[in-house]
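Visitor: I keep hearing words like "paired", "buried" and "cavity". Could you show me how such labels get decided?

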Amino acid sequence: MKDARNAPCPCGSGRKYKQCCALKVAQPAAGPSAGAQQNLVDLFRAERFAELERQAMALAKRWPGHGPSWNFVGVAQLAQRKDAFEALERAATLLPNDPTAQNNFGNALKEKKRLDEAAGRFARAIALRPDHARAHLNLGAVLKDMGRLEESIVHSRRALALNPDYPEAMCNLGIALSLLGRPLEAAPVLRQALARRAKFVEAHIGLGMTLCGLGDLQGAEDELRRALAIDPDSLDAQTILIFALNYQPGKPHELLLDEARRFGAVVARQAKPFEQWPNVRDPERRLRVGFVSGDFCQHPVAQFLEHVLEALKNDQGHRLELVAYHARPYSDAFTERLRSHFSEWRDVAEQEDEALAEQVRADGIDILIDLSGHTSHSRVAMFAWKPAPVQMTWLGYLATTGVSAIDYLLADPLVLPEALEGAFTERIVRMPKSYLCFTPPEHDAPVAALPAMADGVVTFGSFNNFNKLNEVVLDLWARILREVPASRLLIKTRQLADPKMQERVAGFFAERGVSADRLRLFGHVSPEAHLAMYGQVDIALDPFPYPGITTTVEALWMGVPVLSLAGDSFMGRQGVGLLTHVGLEDWIAVDAGDYLDRAVRHAADLEALGRIRSELRAGLQASPVFDRKGFAVDFEAVLRQVWTEWCGR
């Protein structure tokens with residue numbers, strides 16, 4: 001007994017058992033005997049969770065007001081992957097000043113995705129016992145899920161200060177750092193977690209994400225495949241792998257399709273799809289259209305969506321009724337703006353796939369549209385339940401989902417010609433002009449004069465996420481700088497807020513004969529300053545195979561032409577569509593050599609650059625990319641087309 005009393009307490013506080021829960025066992029109270037309670041502790045230590053649940057439940061039923069018994073019931077149920085919410089809620093209610101009970105109930109709330117309430121319980125546990133390492137860990141994890149990354153880091157570091165050998169806290173800290181755009185700090189922390197627990201799926205996933213942020217795309221793929229080797233059914237690992245593969249040059253379409261189908265097969269096994277729907281088969285009636293997204297907030301998807309929703313509501317409201325399913329567990333001011341364009345709004349982050357599918361079906365949705373695909377906060381797996389008779393994916397992810405229950409993918413002829421349709425599990429339906437419609441920037445800035453006119457030096461620029469700037473892209477950009485004497489390159493991306501990342505980038509270019517004084521490297525800037533920075537750029541360079549979309553439209557808005565390489569995929573052809581719509585076909589390259597030649601040629605013609613700069617915003621405003629009313633008409637027509645097809649089956 002002496003050795004057990006000196007062991008770490010099973011509650012996770014970080015204290016010895018004799019200095020923690022043993023004190024509660026020893027305290028006399030109306031309830032089970034000290035021996036009966038000690039037996040529960042012994043069962044917990046032996047990991048005999050089924051027996052622990054049985055004995056603890058017997059005690060709890062005999063003494064319903066005995067909080068520790070309910071707490072053990074809940075802990076045992078959690079260990080068996082059962083729903084422990086009721087037991088842990090009763091324990092927390094009966095033991096309001098017990099940090100362990102509050103922490104455990106916080107975990108139950110987190111399982112239900114009630115993140116605000118969970119954070120409150122973890123904070124309560126910490127207030128009761130400031131050195132509760134597990135409560136700090138749990139609060140850090142839930143704050144990360146809520147997007148409060150700086151606060152998450154504080155609590156993860158506190159957990160590690162209390163327990164330096166804590167792989168879960170290392171993992172949480174590393175992922176939060178990575179999400180903040182600090183991959184150089186994140187990678188070693190995640191490797192420490194894996195050194196302590198080799199088969200730690202979440203840490204492998206986190207390291208894969210982090211390596212992607214560092215531009216180590218093969219390393220990212222390797223880590224994600226290690227995660228899948230441990231847990232082949234991990235949807236998180238599979239969906240992030242699919243997304244990461246899109247960044248890598250030269251990946252065959254067949255591989256991307258196979259990985260997407262693998263994801264689709266897993267979600268199909270886990271779902272119980274509906275096969276009949278009560279929706280009235282009337283081709284002409286008003287349709288209920290559901291949009292499912294984790295990006296109804298300050299996000300590029302929302303920037304493309306806002307004016308479309310407004311036009312659909314105002315001009316097509318007699319034909320379409322819009323319903324939102326908001327899948328992110330937190331909101332912002334942009335969320336509230338979007339909310340006004342829907343007739344109904346559902347916050348669904350807390351709902352499991354089955355419950356969400358039942359909700360969609362109960363709402364009588366005719367056409368359900370996924371706006372996330374294989375991106376953050378996606379609910380694409382829920383589509384495998386087939387809650388709506390017609391399902392479509394659009395806008396948020398530019399490749400196949402692999403989910404066979406999604407009937408259609410929406411594109412246009414420029415970005416997805418018929419020859420590329422074999423790379424999709426979905427049928428392709430096309431808008432007649434553009435499948436994108438952009439909302440004018442909220443924080444606008446005037447178009448500045450061509451910077452090169454001031455000193456004769458051309459500045460190339462990219463404001464894309466660093467994940468897109470693979471070695472092939474950066475090497476080509478270095479060749480451009482060598483070919484255009486005295487030219488400069490401005491890169492703005494949040495990862496470059498780290499001076500060490502700036503050193504890495506400068507070192508890469510130095511190895512290729514480009515000195516650091518020709519580089520202008522910036523991290524995150526305020527929304528107000530973001531567009532104004534295009535005033536320092538003469539020519540924007542588009543990465544590949546994952547090009548810019550929002551950044552391309554913003555550059556064009558600011559009068560900056562974009563040089564893009566026409567890829568052989570839906571994703572890789574985004575520049576083709578956008579540049580064609582504004583009459584800049586001469587800025588579309590067919591291969592790397594052509595990209596280099598066009599960069600050199602355009603950089604030598606300052607007069608043409610100046611003319612383009614003065615005319616480009618007006619041309620963009622007159623293009624299909626800004627024609628929200630025309631887009632709404634075409635969008636309704638496409639939805640009507642697929643609905644009519646279903647009605648005729």
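Guide: Sure! Let's begin with pairing: two strands pair if DSSP finds at least two bridges between them. Keep in mind that this is a predicted model.

Visitor: What makes β1 and β4 a pair?

Guide: Strand β1 (residues 287-293) and β4 are joined by 4 bridges, and at least two are needed, so they count as paired. The two strands run parallel. Look at Gly 290, which stands opposite Leu 368 in β4.

Visitor: Which residue in β5 is the bridge partner of Leu 368?

Guide: That's Gln 391. Strand β5 (residues 390-393) also runs parallel to β4, with 4 bridges joining them.

Visitor: How do you know that both faces of β4 are covered?

Guide: Check each side of the strand, residues 367-370. Ile 367 and Ile 369 on one side are buried, and so are Leu 368 and Asp 370 on the other.

Visitor: Why is Gly 140 called buried?

Guide: Buried means under 20% relative accessible area. Gly 140 has 0% relative accessibility, so it counts as buried. You'll find Gly 140 in helix α9 (residues 133-145). Leaving aside residues up to four places away in sequence, Gly 140 touches Ser 152, His 155, Ser 156 and Asn 172.

Visitor: How many cavities of 30 Å³ or more are there?

Guide: There are 3. The largest holds about 70 Å³ of space, and its lining is made up of 13 residues. Helix α24 gives the most to that lining, with 3 residues.

Terms used
Residues are numbered from 1 along each chain as its sequence is written. This is a predicted model: local features need pLDDT of at least 70, side-chain atom pairs count only at pLDDT 80 or more; totals for chains, interfaces and linings use all residues. Side-chain values use heavy atoms; hydrogens and water are left out. Buried means under 20% relative accessible area, exposed over 50%, partly exposed in between (1.4 Å probe, protein chains only). Contact means heavy atoms within 4.5 Å. On a 1 Å grid over the protein atoms alone, a cavity is a set of points where a 1.4 Å probe fits but cannot get out, and a pocket is an open set with protein on both sides within 12 Å along at least five of seven lines; lining residues have an atom within 4 Å of a point. Grid points are joined across faces, edges and corners, and a volume is the space filled by probe spheres set on the points.
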